[in-house]
Amino acid sequence: MSGKPRLHVPQPPARPGEAPDFSYVEISEAGSVDRPDVNARARDIENLAYDMVRVLDEQHTALGPWHPHLEADELIVALRFMLLTRRFDDRMLRAQRQGKISFYVQCRGEEAVAVAQTLASDPGDMLFPSYRTQGAQIARGRSVVDLMCQCLSNSKDMCKGRQLPTMYHWKRGNIFSVSGNLATQYPQAVGWAMAAAIKGEDDIAQAWIGEGSTAEADFHHALTFAAVYNAPVILNVVNNQWAISTFQGYAGGERRPFSARGLGYGVASIRVDGNDFLAVYAVTKWAADRARQGFGPTLIEQVTYRAAAHSTSDDPARYRPKDEVQQWPLGDPIERLKSHLITEGVWSEEQHAALDAEIIEQIDEGWTEALSYGSMTHGPFLDKSELFEDVFADMPTHLILQREKLRRTREEEI
Amino acid sequence: MARMNMIQALNSAMDVMLARDESTVIIGEDVGYFGGVFRCTDGLQRKHGEHRVLDAPIAEGGIVGSAIGMAVNGLRPIAEIQFADYIYPGYDQIVSEVARLRYRTAGDFYAPLTIRTPCGGGIRGGQTHSQSPEAIFAHVSGLKVVMPSNPFDAKGLLISAIEDDDPVIFFEPKRIYNGPFDGDPDKPAVPWTTHEKGEVPEDYYSLPIGRANIVRGGDDLTIVTYGTMVHVAEAAAERVGADAEIIDIRTMAPLDVGTIVTSVRKTGHCIVVHEATGFSGFGAEIVATVQQECFYHLEAPITRVCGWDTPYPHAFEWEYFPGQKRVAAAIRDVLEAA
Ligand SMILES: Cc1ncc(C[n+]2csc(CCOP(=O)(O)OP(=O)(O)O)c2C)c(N)n1
């Protein structure tokens, strides 16, 4: 072997037509990872960035120091939110296929992440979601009709027709606006948390990005600022293995887990089974307590799998094996929580089917109501002059004139 | 000659250059195995190898910065930014670095870099898949800025961009990737096969950067435009029955002032049309030039038709987009003002 430099080109374990292979995913035994005190020094708990916190074992039993010991009814609420998220996605996907909405992004297979992490937050905590964090809206109790109206850009759209579907926000629910520009929310969440610390308030911030987006400079800005100012923030990397067509190796995942990125900054870092609701909930609670008690930021990597297409604009069969999802070693988050509840004797297949039917009915009713507020093709429509509102707090003269010009052009016959 | 849409023409330009010049490389998000989200690099990695067509981490600053480094070290990188709306993390590397490298080193270092990026709206992409930011690049000394309006020009200009020893920002109006668009979203889409500029040589050819194209001759007024709006302007002129001379500038920087000035001196009327927001838009540069060079030939004030000065909205796409009606109204106003 000569010692010449040679460009390395990361290769995913399998491409279409090849056998899926997830042997690269290092998985710890459920219950095997220690749970340190929330005031532990980041450098004393570096193993958490390499191990994988898991609570549910293969028999669906919860065990180990991270077991959050939630009540059965709390878990059933969580199950409901995850299922609601999935059925909402199903409905919106269908709406896009039918041409009712222009675009959609599902979070299939990743529902535990946003739902568990939102349930582990306090209502005053500010959430900075990505376009795949719809579960946060659901788990904070947002009506599905509101979300549907946004996707429809109709007369009740919270964004007044200005944003692509899925780019929600919720001022009252403390959920920030989703941006189409990747990773921008990361340093913003840190700044929000810095402001809370400056004001002496207890609220913390939480942000989500995909593993692919950790390549953006904003990811690194966020970690630097979080570390420098010891900001009360939880920074989540949702590693769903794929960023459109590029596998996680293209963001550097071949060398170290994404959680380990935090170590260089001196930030407490945890790697967790992202499809294990209980584990995700437990590590988020730990990080929230740590932040709230003044011990600073935590970076959490959720190891999960993007079970659906990236968005309605792509076809994953072009770049990954079709049956990859069946081989994913961490299973499905809804199935796993459901099986756990059944194992615990507090849930049954019949109850689950009934819940699912109820949710589907809720979604269908919501959809009918949302459509009654219009869509981009059927009224009622938003007032077209909305186009010029909210560029500034006060509309400057040139926009007033442009608004008038648009009105005139629309009326004139040319 | 072959029938090509703009995607195929761009692909062909890169294919030809990868084959002709082994220093040519491509880097960008999803451009390798997948062939790009708009499929512009489809098949190129398979054909030319994994060291020539590189998938990139999601970091536009990294893509531009590393492409500059490759260019300084003898390669001719073509960097793809997936949408022009996502170019801003790379803006510092473009403005502060590659644009001035030749100047600040008195010509000792330079970077033959092409940055391709889809721009413009009309695809229901909302504010993060619809922007036309050409003016903020044309404003920067040291950058060449190109935007073709058809497959034939796209291939010839992209080859020139790749061969150019200076950095070129190459905007691709994605609304016309698959066919010309006259501004009427309700009409069925027309493919490039119906258009003479969909005839594209399969082999090497180039078109000079900095040369405008007179799309159609006319005596009554001059419409100066580029990109998707070339087709909208043609349709609007027809709608009003105006004998308009339509100039597709094709490159914003350097600007072909001569072609514009000759035309306006002949017609005495001028309209500038672009999709980007009007305020401080590239149209202002054209208007200033025409005003200075053609003042004594003008019979009416020069008018601009542009996107409104708001972010690009999702639902109000066709209110925002400067469609046929607005261009037609401007033509009529300018002709009646005389
Ligand atoms: C700054 C920026 N660059 C590129 C894009 C285009 N883009 C949208 S989503 C995406 C992939 C993101 O992957 P990842 O961060 O892993 O998140 P996931 O979609 O898998 O949840 C890309 C490249 C963008 N939206 N913004």
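**A ligand site shared between chains**

Of the 22 residues that surround the ligand, those that come nearest are Gly210(A), Gly212(A), Ser213(A), Ala243(A) and Tyr86(B). The model is a predicted one. Because the residues around the ligand are drawn from chains A and B, the site is shared between the two chains.

Turning to secondary structure, two strands of chain A, S2 (205-210) and S4 (242-243), each contribute at least two residues to the shell around the ligand. In terms of residue class, this shell comprises nine nonpolar, eight polar and five charged residues.

It is helpful to look next at how the chains meet. Here, 37 residues of chain A are in contact with 34 residues of chain B. On the side of chain B that touches chain A, the elements giving two or more residues are helix H3 (60-72), helix H11 (317-320) and helix H12 (324-336) of chain B. H12(B) gives the most to this side, with five residues. The chain B side of the contact is made up of 17 nonpolar, eight polar and nine charged residues.

Finally, the domain layout of chain A can be described. Chain A is divided into two parts, with domain 1 covering 42-379 and domain 2 covering 383-414. Between the C-alpha centres of domain 1 and domain 2 of chain A, the separation is 38 Å.

Note on methods. Residues numbered from 1 in each chain as written. Chains lettered and ligands numbered in written order. Predicted model: local features only at pLDDT ≥ 70, side-chain atom pairs only at ≥ 80, totals over all residues. Domains from an automatic or database assignment. Near = placed C-beta within 6 Å. Helix = DSSP H or I, 4+ residues; strand = E, 2+ residues; numbered from the N terminus. Nonpolar A, V, L, I, M, F, W, Y, C, P; charged D, E, K, R; others polar. Contact = placed C-beta atoms within 7 Å.
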